[in-house]
Amino acid sequence: MITGAAVLLGVSAGQAQAAEVAYATKCVPPSGIGLPDVNGTTKVEITAPATAKVGDTVDIVWKFTQAASKNPDIIDLPANSVQPSGTLEAAGAQTADIAMQGPRENPAIPKGGAMTLSDMKGTLKLTAAGQVTLTPDAYVVNALSTDTKCAPTEAVQPAATITVTAGEGSSGSGSGSASPSTSSDPSQSQSPSPSSSASGTPSTSPSASATGGGGQTDFTGKVVDIPYTCQSPIGEKKATSPIQINAKKNGGSYDLTVQFKKSVMDSPIDIPAGKVKPTMQIVLGGADTGSVTVEGPLNSAPIPQNEPIEIPDLTGVYKPGATGESTLSPGVLLIEAMGTTTTCTPDSTAVSLTLDTSEQASGASGGSGSSSSSSSAGGSTSSSGGLAETGSGDHGTLKALGLVAGTAILLGGAVFTFMPRRRAS
C-alpha cells in the first residue's frame, strides 16, 4: 500500500538519500566593478530518492552547506535579495543537465558574514534502467539583477546515485527530461532594463528671460534633457533625464525647485524609510557665477521590491551675487542610497531658467555655492515616499532618475545597478 501510494504521488518507493560533496570553485563577479575573482570551496548536499522506476519523475534538492566565499566587508546584504540557480549533471544510465533554482530568500547578511543561499530544487524524469549519478556543476548567484557566475575548478564527485529499475511509473508528467522546480520565485525571472527617457539630445536654448521687477514672483523654467554619466563606487552607467528648474522670488533671493520628469526607477529590494536622498548642484552662468545646492528629504515611506522609487522635489535658495541676466543649469547630481553614494556628472548641460537678478550681499557670484536648502526653505515642495502616480508623463511629483537601483553584495563581488525606464502614461 505504501509503495503504491508513493508511485501514485510521483515519489520513488526508495528511501531518499542525502550526500555532501565539496569542490574547489571559482566565482566571477560582474564585469566592470573592479573586484577580483574569488577562489573558494563550495559544499553541496544533494537529496534524491535512492531507488525509482523508469517513467518516474523524481524531485531533487540542492542544499548549500557552504558558499565559496563570505560577504565582503563593503555593505550589509539585505534580506531576500539573493537567488541561486545552477545545473546538476545526471550521468550513467541516462545523461541530462538538470536545471536547479532556489527562491529569493535569505536572511540579512552582515559585512564579512557567511553567505547564505536558499535550497535549489529541480526534477528529473527517468528514462532508462541502471545507475544514475547526480553531480553538482556550475551555479549563478543573482542579486539585484546582477549575476556572479561560479564554476568548479576541479573534477566533482557525484553527490547522489539513483538506482532505476525497469517498469513504468505513473507519476511522470510533461515531456521534458529535466526542469527547475516551479516553487522558485517567478517574479525574479527578469530584470528591468533601461529604456529611453524623452530625447537624448540636450536642449540648448534657455527659457524666456524672467523679469525681477513688475511684481512677478514665480518663474517657470524650461524642461531640458540632460545626459548623465553616473559613477558609483564600483561601476559606471549613463542615463538621460528631462529636468526643470523653477524659482519663486523671496525678497532679494529666490527659492528654487528642481524637478526630474518622466523617469522612475524600480527598487530591486525592499528599501526602508529614510534610505534614499538626492542632492544636486545648479550651475550659475551669465552675469552670475558659482553654484547653488538643492536637495530632497529622505524617503518617508518604505519602498517595496519592484515598485517605483519616487523622490520629492529638490529645493534650495539662490542668493544672487551679480546684477544682470543670470542663468541656471542642472549640474552634478549625488544620490545616496543604502549606504552608498553615486555621483552623476552631466556630459553636457543646458539652461533651464534665466533670471534678471540684483546683487545681494554675500551672494553667489565668484563662489562655489550659496545657501544649502532645507525642508523649511521657501518655494514649492511635494510629498515624498509614495509610489509613482499615473496619468500624464509630463506632470506630477519628482520621479527619480533611473540611475541607481540598489547595491548588492554577491559571492565576493559588489555591484551598483541602474535601471531607468519611462513611466507608463
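Is I335 buried or exposed in this chain? The legends below take up this residue, then T357, and then the chain as a whole, in a model that is predicted.

**View 1. I335 in strand β21 of the predicted model.** I335 is found in strand β21, which covers residues 324-337. The residue is buried, because its relative accessible area is 2%, and the cut-off for calling a residue buried is under 20%. K277 stands 58 residues away from I335 in sequence, yet the two C-alpha atoms are 5.9 Å apart in space.

**View 2. T357 in strand β23 and its surroundings.** T357 has its place in strand β23, made up of residues 353-357. With a relative accessibility of 3%, T357 also counts as buried. Leaving aside residues up to four places away in sequence, T357 touches Y254, Y318, P320, A322, T323, G324 and S326. Among these neighbours, A322 offers its backbone oxygen, which the side chain of T357 reaches at 2.9 Å.

**View 3. The whole chain, as the setting for both residues.** The secondary structure of the chain amounts to one helix and 26 strands, and of its 425 residues 48% are buried. When contacts between residues at least 6 apart in sequence are considered, 74% of them join residues that are at least 24 apart. The chain exposes an area of about 17,600 Å², of which carbon and sulfur atoms supply 51%.

How values were computed
Residues are numbered from 1 along each chain as its sequence is written. This is a predicted model: local features need pLDDT of at least 70, side-chain atom pairs count only at pLDDT 80 or more; totals for chains, interfaces and linings use all residues. Side-chain values use heavy atoms; hydrogens and water are left out. Helices (H or I, at least four residues) and strands (E, at least two) are DSSP runs, numbered from the N terminus. Buried means under 20% relative accessible area, exposed over 50%, partly exposed in between (1.4 Å probe, protein chains only). A polar contact is a pair of N or O atoms within 3.5 Å; within protein, one must be able to donate a hydrogen and the other to accept it, and residues adjacent in sequence count only if both atoms are side-chain atoms. Contact means heavy atoms within 4.5 Å. Accessible areas come from the Shrake-Rupley method with a 1.4 Å probe; for residues, only the protein chains shown count as cover.
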